[in-house]
Each structure stands twice: as C-alpha cells, then as structure tokens.
Amino acid sequence: MSEREPILNIPGVVTALCLAMIVIHAVRVFLLGDDADREVLLAFAFIPARFETSLAGTWFPGGAAGDAWTFVSYAFLHADWTHLVVNVLWLTVFGSAVARRFGTLRSLLFFAVTAAAGALGHLAAVGTAFVPVIGASAAVSGFTAAALRFIFQAGGPLGAMRAGGDGAYQVPALGLAAMVRNGPVMGMIAVWIAVNVAFGAINLPMPGFEGQIAWQAHLAGFAGGLFLFRFFDPVPAA
C-alpha cells in the first residue's frame with residue numbers, strides 16, 4: 001500500500017487547479033446561455049486578433065489588461081466535457097509528480113508560464129487571425145515535459161531503484177543532452193508529438209466559433225516546460 005500512496009494523494013495545488021477548471025466549465029454549461037458564454041470566450045479565451053493593430057482588434061473586452069490576462073485565463077476554459085476530462089486526468093498524472101517536486105507556489109507559476117508559452121506559440125503560428133484557443137493543454141504539456149526531466153531517473157517515480165515517499169520526486173533531473181540519449185524519455189516524447197500532430201485536424205465545438213485543437217500551442221507549452229524547468233527546479237543538479 002505504501003508504494004501506491006503517492007499516486008492516491010494528489011497534491012493540493014493540482015486538486016485546486018482541476019477543481020477551478022471543472023467549476024468554471026460547469027458554470028458555463030449549466031448557468032450561462034450561448035450569448036453570455038460567447039462574451040466569456042471573447043473576454044478570457046486567447047484570441048490573436050486582440051493584437052491586430054487596426055480598429056478590428058480594439059473592441060475585445062478587457063482592453064490592454066485583457067490582452068495580458070488571456071495568456072493564462074484561456075487555460076481554464078474548455079470546449080466540452082471530454083476536452084476538460086482529458087486535461088484534468090493528464091494534469092493529475094504529470095502535474096502531481098511535478099507539484100511534489102516544485103511545491104505550491106512554483107507549480108502555480110509554472111502553470112502560468114507554460115500556458116503563456118503555449119499562447120505565444122499559437123500567436124506565432126497563426127498571426128493575428130481570429131483563431132481562438134482554449135484549454136489547459138499547453139500548460140499540461142509543460143508539466144509533462146517537466147516530469148520527463150526526472151521521473152525515469154534512478155530512484156525516481158518510474159526509474160530503477162525507486163526511492164520511497166517524496167524522495168522519489170527529489171532525484172537530480174536529466175540534462176537536455178542526457179534526455180536525447182534516454183530511450184524511455186525519447187519514446188514518450190515521440191508518442192506525445194505524434195498524437196498531438198495527428199489530432200491537430202479535429203474540430204472542437206465552441207459556441208459561435210469554429211475551432212481546432214491548437215497543437216502548435218501544445219508544442220510550445222511542451223518546449224516551455226522542457227527548457228524553463230531548470231529555473232523552477234529546487235533540486236540541485238547532479
């Protein structure tokens with residue numbers, strides 16, 4: 001039973017993030033009509049057209065402040081229950097591992113930074129087109145990349161000679177060069193990229209919008225988590 005305990009005990013910060021997403025989606029589905037929900041999406045989804053310099057990009061709710069907060073707020077909106085459940089489950093698995101290593105404050109900041117990285121990647125990919133992006137997938141991708149830096153290490157959660165308790169989450173992380181030489185890590189990265197690109201053509205239902213899975217945002221969030229990990233990691237390098 002002690003070997004399973006870390007999986008059953010989800011860190012509080014991960015629980016709080018997941019609950020926030022669930023409550024927000026439930027309010028949108030059960031309490032808001034289509035018109036009100038469309039206003040929520042205009043105010044809190046990440047829409048690159050906000051940064052269009054012409055008059056067409058000046059009428060979005062929130063003004064300049066909205067331009068800033070949508071880099072993170074979009075991560076708490078989801079297209080449907082399936083979209084939400086997938087992100088919650090994925091965050092529970094990989095986010096829990098990272099949260100046990102980072103702690104609450106670092107985890108919250110990491111969520112925000114990787115969500116913003118995903119939004120920047122989306123902006124770079126589509127320009128200032130009216131192509132909204134919603135969902136926590138970019139941030140979840142960032143947590144996935146961060147987890148891959150240490151979960152397969154010797155003594156880590158999925159590594160050989162696994163340490164007991166929280167010690168499994170405090171092993172020194174892999175360097176980027178070492179990740180390239182690590183078969184399990186590269187295998188997971190290859191599968192993750194293939195799945196994201198393959199599902200990039202799937203349409204997501206959003207009231208009043210036509211949307212696709214923003215796989216570019218996922219890739220950018222993953223890259224952000226991979227490269228920014230060392231700035232958040234409290235464990236000294238090997």
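Q: What makes the approach of the D80 side chain to the backbone of T82, at the start of α5, a polar contact?
A: A side-chain oxygen of D80 comes to within 3.2 Å of the backbone nitrogen of T82. A polar contact is a pair of N or O atoms within 3.5 Å, where within protein one must be able to donate a hydrogen and the other to accept it, and residues adjacent in sequence count only if both atoms are side-chain atoms. The distance therefore fits the cut-off.

A quick word on the basis: this is a predicted model, with local features needing pLDDT of at least 70 and side-chain atom pairs pLDDT 80 or more, while totals for chains, interfaces and linings use all residues. Residues are numbered from 1 along each chain as its sequence is written, and side-chain values use heavy atoms, leaving out hydrogens and water.

Q: How do you know that α5 bends at G95?
A: The bend is the angle between axes fitted to the seven residues ending at a residue and the seven starting there. At G95 in α5 that angle is about 40°. Helices such as α5 are DSSP runs (H or I, at least four residues), numbered from the N terminus. Following α5 comes G103, with a positive phi near 85°.

Q: Why is the pairing of R101 and D233 called a salt bridge?
A: The term asks for a side-chain nitrogen of Lys or Arg within 4 Å of a carboxyl oxygen of Asp or Glu. R101 and D233 meet at 2.7 Å, N to O, so the pair qualifies. R101 sits in helix α5 and D233 in the segment after α10, so the bridge ties together parts 132 residues apart in sequence.

Q: Are R28 and D37, which also form a salt bridge, buried or exposed?
A: Both are buried, meaning under 20% relative accessible area (exposed is over 50%, partly exposed in between; 1.4 Å probe, protein chains only). Their closest N and O atoms are 2.6 Å apart.

Q: Why is R38 called partly exposed, and what is D35 called?
A: R38 has 28% relative accessibility, so it counts as partly exposed, whereas D35, at 58%, is exposed. These two form a salt bridge at 3.0 Å, and being 3 residues apart in helix α3, they are separated by about one helical turn.

Q: What makes a set of residues a nonpolar core, and which members of the largest one touch the most others?
A: A core is a set of buried Ala, Val, Leu, Ile, Met, Phe, Trp, Tyr and Cys residues joined through side-chain atoms within 4.5 Å. Of the 51 residues in the largest, M21, L91, F111, L148, F150 and I151 touch the most other members.

How values were computed:
Helix = DSSP H or I, 4+ residues; strand = E, 2+ residues; numbered from the N terminus.
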